[in-house]
Amino acid sequence: MKELAIKLETLNSNRESLVLIMAAFFAAIIAASLFISANFGYFLFICLAMGMISAPLLGRYWCNWMCPRGSFLEYFLTRFSLRKTFPPLFKRGYFLAFVVVVFMFMMGLNFFNLYQAHPAVSALGITLTRLLVVSTIVAMVLGIAYEPRAWCVFCPGATFAKLAAAFKSKKPHLVNDAASCTSCQVCAGNCPFHIDASQSGVISDPDCLKCFACVEKCPSKALRFSDQA
Ligand code: SF4
Ligand code: SF4
(Lines give C-alpha, C1' and ligand atoms only; values in the text may rest on other atoms or scores of the structure.)
(Ligands and ions follow the chains in the order given, each with its own letter.)
Protein backbone atom coordinates (compact mmCIF):
# COMPACT_ATOMS: atom_id res chain seq x y z
CA MET A 1 0.00 0.00 0.00
CA LYS A 2 2.84 2.37 0.70
CA GLU A 3 3.52 2.67 -3.03
CA LEU A 4 0.06 4.05 -3.78
CA ALA A 5 0.84 7.59 -2.58
CA ILE A 6 4.11 7.54 -4.56
CA LYS A 7 2.30 6.36 -7.71
CA LEU A 8 -0.27 9.14 -7.33
CA GLU A 9 2.52 11.70 -7.03
CA THR A 10 4.11 10.38 -10.23
CA LEU A 11 0.79 10.54 -12.07
CA ASN A 12 0.29 14.03 -10.73
CA SER A 13 3.44 15.26 -12.45
CA ASN A 14 1.54 14.90 -15.75
CA ARG A 15 -1.51 16.67 -14.38
CA GLU A 16 -1.36 19.82 -16.53
CA SER A 17 -1.61 17.98 -19.83
CA LEU A 18 -4.23 15.57 -18.46
CA VAL A 19 -6.40 18.47 -17.31
CA LEU A 20 -6.19 20.00 -20.78
CA ILE A 21 -7.17 16.71 -22.46
CA MET A 22 -10.10 16.12 -20.10
CA ALA A 23 -11.26 19.76 -20.43
CA ALA A 24 -11.31 19.42 -24.24
CA PHE A 25 -13.11 16.08 -23.91
CA PHE A 26 -15.79 17.68 -21.74
CA ALA A 27 -16.32 20.54 -24.24
CA ALA A 28 -16.69 17.90 -26.99
CA ILE A 29 -19.28 15.95 -24.93
CA ILE A 30 -21.35 19.10 -24.32
CA ALA A 31 -21.23 19.98 -28.03
CA ALA A 32 -22.09 16.41 -29.07
CA SER A 33 -25.03 16.19 -26.64
CA LEU A 34 -26.42 19.51 -27.88
CA PHE A 35 -25.79 19.15 -31.62
CA ILE A 36 -25.49 15.43 -32.43
CA SER A 37 -27.52 13.34 -30.00
CA ALA A 38 -28.92 13.90 -26.51
CA ASN A 39 -27.78 10.35 -25.73
CA PHE A 40 -24.31 11.78 -25.10
CA GLY A 41 -25.93 12.99 -21.86
CA TYR A 42 -25.45 9.42 -20.56
CA PHE A 43 -21.87 10.44 -20.05
CA LEU A 44 -23.08 11.93 -16.69
CA PHE A 45 -23.75 8.39 -15.42
CA ILE A 46 -20.29 7.19 -16.47
CA CYS A 47 -18.68 10.10 -14.66
CA LEU A 48 -20.71 9.45 -11.52
CA ALA A 49 -19.93 5.73 -11.57
CA MET A 50 -16.18 6.22 -12.07
CA GLY A 51 -15.97 8.68 -9.16
CA MET A 52 -17.78 6.23 -6.87
CA ILE A 53 -15.88 3.11 -7.97
CA SER A 54 -12.47 4.72 -7.47
CA ALA A 55 -13.35 6.58 -4.23
CA PRO A 56 -12.85 3.71 -1.73
CA LEU A 57 -9.28 3.19 -2.94
CA LEU A 58 -8.19 6.67 -3.99
CA GLY A 59 -10.55 9.08 -2.26
CA ARG A 60 -11.44 12.00 -4.52
CA TYR A 61 -8.52 11.42 -6.85
CA TRP A 62 -10.91 10.91 -9.78
CA CYS A 63 -12.24 14.44 -9.23
CA ASN A 64 -8.68 15.74 -9.25
CA TRP A 65 -7.67 15.09 -12.82
CA MET A 66 -9.98 12.53 -14.37
CA CYS A 67 -13.33 14.29 -13.94
CA PRO A 68 -13.86 16.05 -17.29
CA ARG A 69 -16.09 18.77 -15.85
CA GLY A 70 -13.71 19.51 -12.96
CA SER A 71 -10.87 19.76 -15.47
CA PHE A 72 -12.97 22.01 -17.73
CA LEU A 73 -13.74 24.38 -14.84
CA GLU A 74 -10.16 24.47 -13.69
CA TYR A 75 -8.66 24.97 -17.15
CA PHE A 76 -11.04 27.65 -18.44
CA LEU A 77 -11.92 29.58 -15.28
CA THR A 78 -8.57 29.91 -13.55
CA ARG A 79 -7.76 33.18 -15.30
CA PHE A 80 -11.24 34.70 -14.80
CA SER A 81 -12.06 33.55 -11.29
CA LEU A 82 -12.27 36.15 -8.51
CA ARG A 83 -10.80 33.44 -6.24
CA LYS A 84 -12.88 34.35 -3.21
CA THR A 85 -13.34 31.96 -0.32
CA PHE A 86 -16.67 30.24 -0.79
CA PRO A 87 -19.30 30.32 2.01
CA PRO A 88 -18.98 27.57 4.65
CA LEU A 89 -22.56 26.63 3.72
CA PHE A 90 -21.17 24.86 0.61
CA LYS A 91 -19.59 22.22 2.86
CA ARG A 92 -22.47 21.64 5.26
CA GLY A 93 -23.99 18.14 5.19
CA TYR A 94 -27.58 19.37 4.96
CA PHE A 95 -26.69 21.59 2.00
CA LEU A 96 -25.01 18.66 0.19
CA ALA A 97 -28.11 16.54 0.82
CA PHE A 98 -30.34 19.39 -0.39
CA VAL A 99 -28.41 19.67 -3.69
CA VAL A 100 -28.66 15.88 -4.26
CA VAL A 101 -32.43 15.97 -3.61
CA VAL A 102 -32.93 18.96 -5.96
CA PHE A 103 -30.92 17.14 -8.65
CA MET A 104 -32.94 13.96 -8.29
CA PHE A 105 -36.21 15.90 -8.26
CA MET A 106 -35.32 17.87 -11.40
CA MET A 107 -34.20 14.69 -13.13
CA GLY A 108 -37.39 12.82 -12.20
CA LEU A 109 -39.67 15.69 -13.23
CA ASN A 110 -37.91 16.22 -16.56
CA PHE A 111 -37.90 12.55 -17.35
CA PHE A 112 -41.59 12.19 -16.47
CA ASN A 113 -42.56 15.11 -18.74
CA LEU A 114 -40.47 13.87 -21.66
CA TYR A 115 -41.47 10.26 -21.28
CA GLN A 116 -45.00 11.13 -22.50
CA ALA A 117 -43.68 11.96 -25.97
CA HIS A 118 -40.36 10.10 -26.30
CA PRO A 119 -39.07 6.54 -25.87
CA ALA A 120 -37.54 6.05 -22.40
CA VAL A 121 -33.93 5.93 -23.69
CA SER A 122 -34.28 9.28 -25.49
CA ALA A 123 -36.25 10.88 -22.64
CA LEU A 124 -33.49 10.00 -20.18
CA GLY A 125 -30.79 11.18 -22.62
CA ILE A 126 -32.47 14.59 -23.03
CA THR A 127 -32.97 14.85 -19.26
CA LEU A 128 -29.30 14.11 -18.59
CA THR A 129 -28.17 16.57 -21.26
CA ARG A 130 -30.30 19.32 -19.73
CA LEU A 131 -28.90 18.58 -16.28
CA LEU A 132 -25.38 18.54 -17.66
CA VAL A 133 -25.78 21.92 -19.36
CA VAL A 134 -27.68 23.68 -16.54
CA SER A 135 -25.34 22.42 -13.82
CA THR A 136 -22.31 23.41 -15.89
CA ILE A 137 -23.66 26.96 -16.27
CA VAL A 138 -24.22 27.11 -12.48
CA ALA A 139 -20.72 25.69 -11.94
CA MET A 140 -19.19 28.35 -14.22
CA VAL A 141 -20.98 31.21 -12.44
CA LEU A 142 -19.78 29.88 -9.07
CA GLY A 143 -16.31 29.28 -10.48
CA ILE A 144 -16.02 32.92 -11.51
CA ALA A 145 -17.57 34.27 -8.29
CA TYR A 146 -15.50 32.04 -5.95
CA GLU A 147 -12.85 29.44 -6.82
CA PRO A 148 -12.74 27.77 -10.29
CA ARG A 149 -13.74 24.44 -8.75
CA ALA A 150 -16.28 25.77 -6.21
CA TRP A 151 -18.88 23.46 -7.79
CA CYS A 152 -16.73 20.43 -6.94
CA VAL A 153 -17.45 20.96 -3.23
CA PHE A 154 -21.14 20.12 -3.53
CA CYS A 155 -21.42 18.38 -6.90
CA PRO A 156 -23.80 15.42 -6.31
CA GLY A 157 -21.21 13.09 -7.89
CA ALA A 158 -18.64 14.29 -5.34
CA THR A 159 -21.13 13.77 -2.49
CA PHE A 160 -21.65 10.15 -3.58
CA ALA A 161 -17.88 9.71 -3.99
CA LYS A 162 -17.29 11.01 -0.46
CA LEU A 163 -19.85 8.54 0.89
CA ALA A 164 -18.19 5.69 -1.03
CA ALA A 165 -14.74 6.79 0.20
CA ALA A 166 -15.91 6.58 3.81
CA PHE A 167 -16.01 2.77 3.52
CA LYS A 168 -12.25 2.40 3.31
CA SER A 169 -9.67 4.20 5.41
CA LYS A 170 -6.40 2.89 3.89
CA LYS A 171 -6.13 5.41 1.09
CA PRO A 172 -3.44 8.04 0.77
CA HIS A 173 -3.80 10.68 3.48
CA LEU A 174 -2.32 14.13 3.69
CA VAL A 175 -0.01 14.31 6.69
CA ASN A 176 1.53 17.35 8.36
CA ASP A 177 4.89 16.79 10.10
CA ALA A 178 4.25 19.55 12.60
CA ALA A 179 7.89 20.12 13.56
CA SER A 180 8.65 22.21 10.50
CA CYS A 181 5.19 23.80 9.97
CA THR A 182 5.23 27.56 10.59
CA SER A 183 1.43 28.04 10.28
CA CYS A 184 1.99 30.39 7.34
CA GLN A 185 -1.27 29.26 5.64
CA VAL A 186 0.37 28.97 2.21
CA CYS A 187 -1.27 25.54 1.99
CA ALA A 188 -4.79 26.94 2.48
CA GLY A 189 -4.08 29.77 0.03
CA ASN A 190 -3.09 27.33 -2.72
CA CYS A 191 -5.77 24.70 -2.06
CA PRO A 192 -8.75 24.77 -4.45
CA PHE A 193 -11.00 24.24 -1.40
CA HIS A 194 -8.99 26.36 1.08
CA ILE A 195 -8.21 23.36 3.26
CA ASP A 196 -6.01 24.41 6.17
CA ALA A 197 -3.31 21.75 6.47
CA SER A 198 -1.46 23.40 9.35
CA GLN A 199 -2.70 21.09 12.12
CA SER A 200 -0.28 18.32 13.00
CA GLY A 201 -0.99 14.72 11.95
CA VAL A 202 -3.43 13.42 9.35
CA ILE A 203 -5.50 16.04 7.51
CA SER A 204 -8.66 14.10 6.88
CA ASP A 205 -10.84 16.62 5.03
CA PRO A 206 -13.12 14.53 2.75
CA ASP A 207 -12.95 17.25 0.09
CA CYS A 208 -9.21 16.79 -0.46
CA LEU A 209 -8.58 16.07 -4.15
CA LYS A 210 -5.03 14.80 -3.57
CA CYS A 211 -3.88 17.39 -6.08
CA PHE A 212 -0.50 17.85 -4.31
CA ALA A 213 -0.73 21.67 -4.62
CA CYS A 214 -0.22 22.17 -0.87
CA VAL A 215 2.61 19.61 -0.74
CA GLU A 216 4.43 21.35 -3.58
CA LYS A 217 3.87 24.91 -2.30
CA CYS A 218 4.55 24.42 1.41
CA PRO A 219 7.72 26.46 2.02
CA SER A 220 8.66 24.28 5.01
CA LYS A 221 8.18 20.93 3.28
CA ALA A 222 5.92 19.95 6.19
CA LEU A 223 3.36 18.08 4.09
CA ARG A 224 3.40 14.67 2.44
CA PHE A 225 1.01 11.94 1.40
CA SER A 226 1.08 8.66 3.24
CA ASP A 227 -0.91 5.46 2.81
CA GLN A 228 -1.17 5.09 6.58
CA ALA A 229 -3.96 6.90 8.49
S1 SF4 B 1 2.14 25.80 4.02
FE2 SF4 B 1 3.36 24.31 5.18
S3 SF4 B 1 4.34 25.53 6.78
FE4 SF4 B 1 2.67 26.77 5.98
S5 SF4 B 1 0.89 26.30 7.34
FE6 SF4 B 1 0.75 24.91 5.58
S7 SF4 B 1 1.82 23.05 6.26
FE8 SF4 B 1 2.44 24.69 7.68
S1 SF4 C 1 -4.16 21.50 -1.99
FE2 SF4 C 1 -3.71 19.81 -0.58
S3 SF4 C 1 -5.46 19.76 0.85
FE4 SF4 C 1 -6.08 20.96 -0.93
S5 SF4 C 1 -7.09 19.49 -2.28
FE6 SF4 C 1 -4.94 19.62 -2.94
S7 SF4 C 1 -3.90 17.97 -1.82
FE8 SF4 C 1 -5.89 18.29 -0.81
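1. A definition to start with: Ala, Val, Leu, Ile, Met, Phe, Trp, Tyr, Cys and Pro count as nonpolar, Asp, Glu, Lys and Arg as charged, and the others, Gly among them, as polar. On that footing, the shell around ligand 2 holds 12 nonpolar residues, 1 polar and 1 charged. This shell has 14 residues, and the closest to ligand 2 are Cys191, Cys208, Cys211, Ala213 and Cys214. Please keep in mind throughout that this is a predicted model.

2. Ligand 1 is worth a look next. Around ligand 1 there are 14 residues, of which Cys181, Cys184, Cys187, Ser198 and Cys218 come nearest. Sorted by class, the shell of ligand 1 has 8 nonpolar residues, 6 polar and no charged ones.

3. Now to the sheet. Three strands form an open sheet in the order β2-β1-β3, and their pairing is antiparallel. β2 (201-203) and β3 (223-226) are the edge strands; each has a single partner strand, so one side of each is left without a neighbour in the sheet. On average, neighbouring strands here are turned by 40 degrees against each other, direction ignored.

4. For a closer view of one pairing, take β1 (residues 173-176), which is joined to β2 by 3 bridges, with the two strands running antiparallel. Valine 175 has valine 202 of β2 as its bridge partner.

5. The largest nonpolar core has 51 residues, and Cys63, Trp151, Cys214 and Leu223 touch the most other members. Helix α7 (residues 120-145) is the top contributor to this core, giving 6 residues. Where does the core lie with respect to domain 1 (2-165) and domain 2 (173-226)? Both domains give residues to the core, so it lies between them. Cys214, one of the residues that touch the most other core members, is also among the closest to ligand 2.

6. Within helix α7 you will find threonine 127. Is threonine 127 buried or exposed? It has 24 C-beta neighbours inside 10 Å, and the cut-off for buried is 20 or more, so threonine 127 counts as buried. Threonine 127 and methionine 106 are 21 residues apart in sequence, with 8.7 Å between their C-alpha atoms.

7. One loop residue completes the tour. Alanine 38 sits in the loop between α2 (15-35) and α3 (43-58). Alanine 38 counts as buried because it has 22 C-beta neighbours inside 10 Å. From alanine 38 to glutamate 74 the separation is 36 residues in sequence and 25 Å in space, C-alpha to C-alpha.

Technical notes:
Residues are numbered from 1 along each chain as its sequence is written. Chains are lettered from A and ligands numbered from 1 in the order in which they are written. This is a predicted model: local features need pLDDT of at least 70, side-chain atom pairs count only at pLDDT 80 or more; totals for chains, interfaces and linings use all residues. A residue is near a molecule or strand if its C-beta atom, placed from the backbone, lies within 6 Å of it. Two strands pair if DSSP finds at least two bridges between them. Helices (H or I, at least four residues) and strands (E, at least two) are DSSP runs, numbered from the N terminus. Axes are lines fitted to C-alpha atoms, for helices over the stretch in contact, and angles run from 0 to 180 degrees between N-to-C directions. A nonpolar core is a set of buried Ala, Val, Leu, Ile, Met, Phe, Trp, Tyr and Cys residues joined through C-beta atoms within 7 Å. A residue is buried if 20 or more other C-beta atoms lie within 10 Å of its own, exposed if 12 or fewer, and partly exposed in between; C-beta atoms are placed from the backbone. Domain bounds come from an automatic or database domain assignment.
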